Amino acid sequence: MGFLAKGVIIGFSIAAPVGPIGILCIRRTLAYGRASGFVSGLGAASADAMYAAVAGFGLTAVSHFLISNNLWLRLLGGAFMFYLGIKMILAKPELASADHKHEGLIEAYLSTVVLTLANPMTIVSYTAVFAGLGIGAVGHGIASAAEIVSGTLVGSSLWWLTLSIGVGFISNSLDSHKLKWINRGAGMIILAFAVLIMADVKFA
């Protein structure tokens, strides 16, 4: 199997478990349409690819800096996630009209980039996976690492595309009342993740 194909499998597998980003993408897909959900996932895929690049190209200085500042980055991510959770709970339950479904895509993208980058320990996951498969810049050169990183981006993006398309089929059956409870439920889950992230931070 080529490096690109391996990267696709790695990216898809790491993105697939449903966490706070998945909940956020599902909620945005239901409220604002498939484009909003997919773009939100694409933000997470982009951040994953950045961390995969750090691991794959052997950028030890960058990796060390991010891991050494893990405390503050996790606090930042937890606080931002807490804000998003409150925002979801208080959001008006009106369904977005066709004219407004594609608004805020840049904000949706950037928000998930920030949330994903706020967990620099992702580098450790990619480093471990790459080492376990015997791939990476050290063993195979820059070209191979570039294929792995590109494949990771493609694989992660494929997962978010699949998720947003699948969830999109449900959105047509929603009304304002159902969306209100979806907002509240998703917001409470995001708040719970935020609390867990900040509670897990260990001050030196």
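A residue counts as buried when its relative accessible area is under 20%. The structure discussed here is a predicted model.

**Two helices**

In helix H1, the buried residues are Phe3, Gly7, Ile10, Gly11 and Ala15. Viewed down the axis of H1, these buried residues fall within an arc of 115°, so they line one face of the helix. An α-helix has 3.6 residues a turn, so residues three or four places apart point the same way.

Helix H2 is mostly covered, with eleven of its 13 residues buried. Among them are Pro20, Ile21, Cys25, Arg27 and Arg28. After H2 comes Gly33, which has a positive phi near 105°.

The table sets out the spans of both helices.

| Helix | Residues | Number of residues | Expected span | Distance between end C-alpha atoms |
|---|---|---|---|---|
| H1 | residues 3-15 | 13 residues | 18 Å | 18 Å |
| H2 | residues 20-32 | 13 residues | 18 Å | 18 Å |

For H1, the expected span rests on 1.5 Å a residue, and the distance between the end C-alpha atoms agrees with it.

**Nonpolar cores**

The largest nonpolar core has 19 residues, of which Ile21, Leu115, Trp160 and Leu163 touch the most other members. At least two residues of this core come from each of H2, H3 (34-56), H5 (70-90), H8 (137-171) and H9 (176-199). H2 gives the most, with five residues.

Which residues does Leu163 contact, leaving aside its neighbours within four places in sequence? Leu163 is in contact with Gly22, Cys25 and Ile26.

Apart from the largest core lies another core, of eight residues, including Ile10, Tyr51, Ala53 and Tyr126.

Key:
Residues are numbered from 1 along each chain as its sequence is written. This is a predicted model: local features need pLDDT of at least 70, side-chain atom pairs count only at pLDDT 80 or more; totals for chains, interfaces and linings use all residues. Side-chain values use heavy atoms; hydrogens and water are left out. Helices (H or I, at least four residues) and strands (E, at least two) are DSSP runs, numbered from the N terminus. The expected span of a helix is 1.5 Å times one less than its number of residues. Buried means under 20% relative accessible area, exposed over 50%, partly exposed in between (1.4 Å probe, protein chains only). The arc is that of the directions from the helix axis to the C-beta atoms. A nonpolar core is a set of buried Ala, Val, Leu, Ile, Met, Phe, Trp, Tyr and Cys residues joined through side-chain atoms within 4.5 Å. Contact means heavy atoms within 4.5 Å.
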